[in-house]
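Dear colleague,

Please find the structure below, together with its sequence. I would be grateful if you would read the notes that come after it.

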2 protein chains.
Amino acid sequence: MESIDPVTARAWLATAVEEARAGLAEGGVPVGAALYGADGTLLGRGRNRRVQDGDPSAHAETAAFRAAGRQRSYHGTTMVTTLSPCWYCSGLVRQFGISRVVIGEAATFHGGHDWLAGHGVEIVLLDDPECAAMMREFTARRPQLWDEDIGR
Amino acid sequence: MESIDPVTARAWLATAVEEARAGLAEGGVPVGAALYGADGTLLGRGRNRRVQDGDPSAHAETAAFRAAGRQRSYHGTTMVTTLSPCWYCSGLVRQFGISRVVIGEAATFHGGHDWLAGHGVEIVLLDDPECAAMMREFTARRPQLWDEDIGR
């Protein structure tokens, strides 16, 4: 697999950020994600829906994965997420063989991306200040909701 | 947490087996699961719904977790599943701090339960011949569907 160019990575992250912002506007957990195919097609996008749907299984990455529907293979696909994936979402990436994860930020929450890198997943960490500011503001304002969302 | 007695473990497994059988009857992947509370209350139950709903994110364990709705804590809860949990479902258990996993069988598929044990989750492996026979028959009859379900 070719490495992703920075312009594409930022453009794909913008899709995930749109999802996160929409979630924030709905009173939800502001994490967004999108799954892109090997050819750069957007396969699915989604956001955390714990509050909106009362669904604790709908993390941003699993929502994007779900929206993409059934796929025969995830080889060459990229999961883009505004935040370092938790163990649940990291497990999804590993099990289904998603090839790459583009991460907005890992400063406010450090999930399983090192583990994924150790299992051959390409990790692109963008250190995006907007993603970090959005989470920092949210976790300060709704600490209990955030703790609930990550099982803490 | 007290250890689970074998009669309770078998009774709880029966709930997961009912789900798996229902999935098989629907033409789906025959894996079932249930989430039990610390006091033994059934919080949620579910089955793999890849075929039924066209939803690749609905593994048995995530379906049971979803059915249980929002919970403040998973401390003391038990996830019962007919089959060793894949990385996706193992990640769910670790992230949310589910305390125990009761597994029907791990002979036809060996998921992440050793990893969970290493992270403090109590694992009860029942080596149930009915669970193993159901998966063995299914994977022989629908190998492509099974491969798709585990991203192989």
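The notes below cover conventions, the two copies, a helix, a sheet and a serine.

This is a predicted model, in which local features need pLDDT of at least 70 and side-chain atom pairs count only at pLDDT 80 or more, while totals for chains, interfaces and linings use all residues. Residues are numbered from 1 along each chain as its sequence is written, chains are lettered from A and ligands numbered from 1 in the order in which they are written, and side-chain values use heavy atoms, with hydrogens and water left out.

The two copies. A turn of 180° and a shift of 0.0 Å along the axis lay chain A on chain B with an RMSD of 0.0 Å (least-squares superposition on the C-alpha atoms of residues with pLDDT of at least 70 in both). The two copies are therefore related as by a two-fold rotation axis. In chain A, the C-alpha of A:Gly91 is the nearest to this axis, at 2.4 Å. Both copies use the same surface, since 100% of the contact residues of chain A recur in chain B (contact: heavy atoms within 4.5 Å).

Helix H1 of chain A. This helix (residues 6-25) has 20 residues and reaches 28 Å from its first C-alpha to its last, close to the 28 Å expected at 1.5 Å a residue (the expected span being 1.5 Å times one less than the number of residues). Helices are DSSP runs of H or I with at least four residues, and strands are runs of E with at least two, numbered from the N terminus. Among the buried residues of H1(A) are A:Trp12, A:Leu13 and A:Val17 (buried: under 20% relative accessible area, with a 1.4 Å probe and protein chains only). Their cover includes strand S1 (32-36) and helix H6 (129-141) of chain A. Just after H1(A), A:Gly27 takes a positive phi of about 85°.

The sheet of chain B. Five strands form an open sheet in the order S2-S1-S3-S4-S5, with mixed pairing (strands pair if DSSP finds at least two bridges between them). Strands S2 (42-47) and S5 (122-125) of chain B stand at the edges, each with a single partner strand, so one side of each is left without a neighbour in the sheet. Strands S3 (residues 78-83) and S4 (residues 100-105) of chain B run parallel and are joined by five bridges; B:Leu83 has B:Glu105 as its bridge partner in S4(B).

A buried serine. A:Ser90 lies in helix H4 (residues 87-96) of chain A and is buried, with a relative accessible area of 0%. Leaving aside neighbours within four places in sequence, A:Ser90 is in contact with residues including A:Pro85 and A:Trp115.

Yours sincerely

Technical notes
Buried < 20%, exposed > 50% of the residue type's maximum accessible area, 1.4 Å probe, protein only.
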